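Here is a walk through one protein chain, strand by strand. Keep the viewer open while you read.

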Amino acid sequence: MELPGYRLGDLLHEGAHSRVWRGQDETGGAVVIRVPAIERPGPREQARYQRAFELGQMADARAVVRHLALVRHRATLALITEDFDGQSLEHRLTARGLDLR
């Protein structure tokens, strides 16, 4: 996937509803990029991303990951958030030999 103004790096998550990458913005800043799993999300999915962005903008930046941008590209959306270099709980548990299934 290409997204103008951003360089996608490692794929962090691929699920039924979204794909999430670690990446960089034009200035080299670390970001997380989340896009719908389907190439052309419908109005409901687009509204969900719009609402998530709006809620992230209103939230206290000391308590949640900052929502930086909602980028429209072709027929999809990308939610851009700050990257604080975290790891998923699944990754941390499996690294310690615990199986989540």
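## A proline to start from

Proline 36 is found in strand S3. Keep in mind that what you're looking at is a predicted model. Is proline 36 buried or exposed? Its relative accessibility comes out at 1%, and since buried means under 20%, proline 36 counts as buried. Leaving out residues up to four places away in sequence, proline 36 touches His17, Ser18, Arg19, Pro41, Glu45, Tyr49, Thr76 and Leu77. If you want a distance to check, try the C-alpha atoms of proline 36 and glutamine 46: they are 10 residues apart along the chain and separated by 8.7 Å.

The strand around this proline is in a similar spot: S3 is mostly covered, with five of its seven residues buried.

## The whole chain

Zooming out, the protein chain has two helices and five strands, and going along the sequence you read the pattern β-β-β-α-β-β-α. The C-alpha trace spans about 40 × 30 × 25 Å along its principal axes. Of the 101 residues, 27% count as buried. The exposed area is about 7200 Å², and carbon and sulfur atoms supply 49% of that.

On the charge side, you get 15 positive and 14 negative side chains, and the centres of the two sets lie 4 Å apart. As for contacts, take those between residues at least 6 apart in sequence: 38% of them join residues at least 24 apart.

## The sheet

How are the five strands ordered in the sheet? The sheet is open, its order is S1-S2-S3-S5-S4, and the pairing is antiparallel. Strand S1 (6-14) and strand S4 (67-73) stand at the edges with a single partner strand each, so one side of each has no neighbour in the sheet. On average, neighbouring strands are turned by 25° against each other, direction ignored.

Helix H1 (residues 43-58) packs on this sheet, touching S2, S3, S4 and S5. The direction of H1 makes about 155° with that of S4.

In general, strands of a sheet pair through backbone hydrogen bonds, either parallel or antiparallel. Here is how the pairs look in this model:

| Strand pair | Sense | Bridges |
|---|---|---|
| S1 and S2 | antiparallel | six bridges |
| S2 and S3 | antiparallel | seven bridges |
| S3 and S5 | antiparallel | four bridges |
| S4 and S5 | antiparallel | six bridges |

To get the register right on screen, pick one residue pair for each row. Leucine 11 stands opposite tryptophan 21 in S2. Glutamine 24 has alanine 30 in S3 as its bridge partner. For arginine 34, the bridge partner in S5 is leucine 79, and valine 71 is matched with alanine 78, also in S5.

## Two hairpins

Two of these pairs come with a hairpin, and each has a positive phi to look at. S2 and S3 form a hairpin with four residues between the strands, where glycine 28 takes a positive phi near 90°. The hairpin of S4 and S5 has two residues between the strands, and there arginine 74 takes a positive phi near 55°.

## Strand S5 and threonine 81

Why is S5 described as largely enclosed by the rest of the structure? Because six of its seven residues are buried. Threonine 81 is found in this strand. At 12% relative accessibility, threonine 81 counts as buried, given that the cut-off is under 20%.

Which residues is threonine 81 in contact with, once its neighbours within four places in sequence are left aside? They are Val31, Val32, Val65, Arg66, His67 and Leu68.

So the route that began at a proline in S3 ends at a threonine in S5, and four antiparallel bridges join those two strands.

How values were computed
Residues are numbered from 1 along each chain as its sequence is written. This is a predicted model: local features need pLDDT of at least 70, side-chain atom pairs count only at pLDDT 80 or more; totals for chains, interfaces and linings use all residues. Side-chain values use heavy atoms; hydrogens and water are left out. Two strands pair if DSSP finds at least two bridges between them. Axes are lines fitted to C-alpha atoms, for helices over the stretch in contact, and angles run from 0 to 180 degrees between N-to-C directions. Contact means heavy atoms within 4.5 Å. Buried means under 20% relative accessible area, exposed over 50%, partly exposed in between (1.4 Å probe, protein chains only). Accessible areas come from the Shrake-Rupley method with a 1.4 Å probe; for residues, only the protein chains shown count as cover. Lys and Arg count as positive and Asp and Glu as negative; His and the chain ends are not counted. The place of a charge is taken as NZ of Lys, CZ of Arg, CG of Asp or CD of Glu.
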